Amino acid sequence: MVSAKAPGHVVVVGAGIIGLSTAWYLQEHGIKVTVVDRGGVASGSSWGNAGWLTPALTLPLSEPSVLRTGLKAMLDPASPLYIPFSADPSLLKFLAGFARNCTPGKWRAAMGVFAEVGHTGLDAFDEIAQAAGPGAEPTHPAEPFLTGFASVADRDALVREFNVIRETGGSVDYELMSGEQLRALEPTLGPAVVAGIKIRGQRYINPPAFMDSLAESVTSRGATITGAFNVVDVRDTGTGVEVIGSEGRSLQADAVVLATGAWLGALARKFGVKRVVQAGRGYSFTVVPEAMPSHPIYFPDQRVACTPLGDRFRVAGMMEFRNVDAPLDPRRIKAIVEAASPMFTGINWEDRAEEWVGARPCTTDGFPLVGASRSPRVHVAGGHGMWGIALGPLTGKMIAAGLTGTTPPAIMRHFNPLR
Ligand SMILES: Cc1cc2nc3c(=O)[nH]c(=O)nc-3n(C[C@H](O)[C@H](O)[C@H](O)COP(=O)(O)OP(=O)(O)OC[C@H]3O[C@@H](n4cnc5c(N)ncnc54)[C@H](O)[C@@H]3O)c2cc1C
């Protein structure tokens, strides 16, 4: 049903999880959608990520100890957090803003916002799944989701974070485990894993398969997805918008949604979106363990995230604050291998495939930018940092509510892109 306030035709720029989820929810309101991307479906961060839908771990990056890690990281290319010495003014602005948010008080306040998101992100995945029917790529229950540690003391840090989630109104259902108990569930874990936590109520997806399925769903409902369309400018014409691509192409519509991930600033800045969106680049690859794990596994100290993807096992990690378009740096892949390999047995780490780098769109306060810009016809949906997959469908729902004048999910009040 099209509401009186709804635009008839919307162009969505970006065919990642945020852009495609936005297209899907706009279609729920009967709106005609055209999606354009300079690559194709999932050509950014939405392809090689860990695919976790984990409310228990959807936490802000600005944990106060990250600052100490960050200073050390500047001197150590093997660190899980990599910040190059750089005079790039945008990176320096981001780092200064990020440091201001790494206080215990601000971190706790951010924890409260993520606690409020809770399981609503999963509910939005279920809405899409119910409409898509049995043929669509599903979300998988992680029952249980596992974390592993080299010492009990290392584990205490995550338990403290879970306590803060509970104190700030959220809930986490978890149980402490020994190394032996973990190995009984996942024989591929090695003797270096001496303690762990199993967490219930979490899920995961196979990102490439899920993105293809979501794209199929959006096109089967009438959208056009056009690849190789590099948007160089967006104009508000007063009654609509003009979306201008390189090579002289252009599209007219009633409104546009900018869902361009770590590239958001380039198109959104002229519409009053001043927040820096910095690329927090992560890396992944896949291997084939002798005993294929059946649960996602997280090693918080090593900052390594592992996800079973059917016949392959994805290993992901690193947070590299660098130019979004810099090429893949093989030293980061090596750093992930060095961090992960002691925690497993039965994996040939030389036999890697699908080596990948992608950019998490990070904001200084850790919250996404979701809603109308200074122009009521130009909306932005980005800056989800480490949690754009988990929050993708919920973001689509928020943007669709904003564009149609219907009541948005209450959490949206924290994500004003003009803040
Ligand atoms: C290693 C790693 C692991 C991660 N694990 C998780 C996880 O487990 N769970 C989770 O929730 N999140 C995870 N994330 C974060 C998540 O991947 C991102 O937050 C999310 O994919 C962002 O989605 P997006 O649609 O905003 O951006 P993207 O997926 O990057 O999509 C943006 C799209 O915009 C297009 N584009 C950009 N500029 C233009 C232009 N000018 N014209 C046309 N097209 C343009 C790009 O080609 C791209 O396809 C992880 C990220 C990394 C790197």
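This tour moves through a predicted model, from a helix to the strands beside it and then to a loop.

**Helix α10**

Begin by selecting residues 330-340, which form helix α10. Colour Arg332, Ile333, Ala335, Ile336, Val337 and Ala340, the buried residues of this helix. An α-helix has 3.6 residues a turn, so residues three or four places apart point the same way. Next, display the elements that cover the buried residues of α10; among them are β4 (81-82), β15 (278-287), β17 (304-309), β18 (312-321) and β19 (353-362).

**Ile336**

Now centre the view on Ile336, within α10. Is this residue buried or exposed? Ile336 has a relative accessible area of 2%, and because the cut-off for buried is under 20%, Ile336 counts as buried. Show the side chains around Ile336: beyond its neighbours within four places in sequence, its contacts are Tyr283, Phe285, Val304, Val315, Ala316, Gly317 and Met318. Then select Ala78 and draw a C-alpha to C-alpha distance to Ile336; the value is 8.2 Å, although 258 residues separate the two in sequence.

**Strand β17**

From Ile336, step to its contact Val304 and select the whole of β17, residues 304-309. How many of the six residues of β17 are buried? Six of the six are, so the strand is largely enclosed by the rest of the structure. Turn the view to compare its two faces: Val304, Cys306 and Pro308 lie on one side, Ala305, Thr307 and Leu309 lie on the other, and both sides are covered.

**The strands paired with β17**

Add β16, residues 297-299, which pairs with β17 in the antiparallel sense over three bridges. Here Phe299 stands opposite Val304. Four residues separate the strands of this hairpin, and Arg303 has a positive phi near 55°.

Then add β18, which runs antiparallel to β17 and is joined to it by six bridges. Val304 appears again in this pairing, standing opposite Gly317. Gly317 is also one of the contacts of Ile336. Follow the chain into the turn of the β17–β18 hairpin, where two residues lie between the strands and Gly310 has a positive phi of about 75°.

**Asn206**

Finish at Leu309 of β17, and from there select its contact Asn206. Asn206 sits in the loop between β9 (203-204) and α8 (207-220). With 17% relative accessibility, Asn206 counts as buried. Display Glu137 and His140 as well: together with Leu309, they are the residues in contact with Asn206 once its neighbours within four places in sequence are left aside.

Definitions and conventions
Residues are numbered from 1 along each chain as its sequence is written. This is a predicted model: local features need pLDDT of at least 70, side-chain atom pairs count only at pLDDT 80 or more; totals for chains, interfaces and linings use all residues. Side-chain values use heavy atoms; hydrogens and water are left out. Buried means under 20% relative accessible area, exposed over 50%, partly exposed in between (1.4 Å probe, protein chains only). Contact means heavy atoms within 4.5 Å. Two strands pair if DSSP finds at least two bridges between them.
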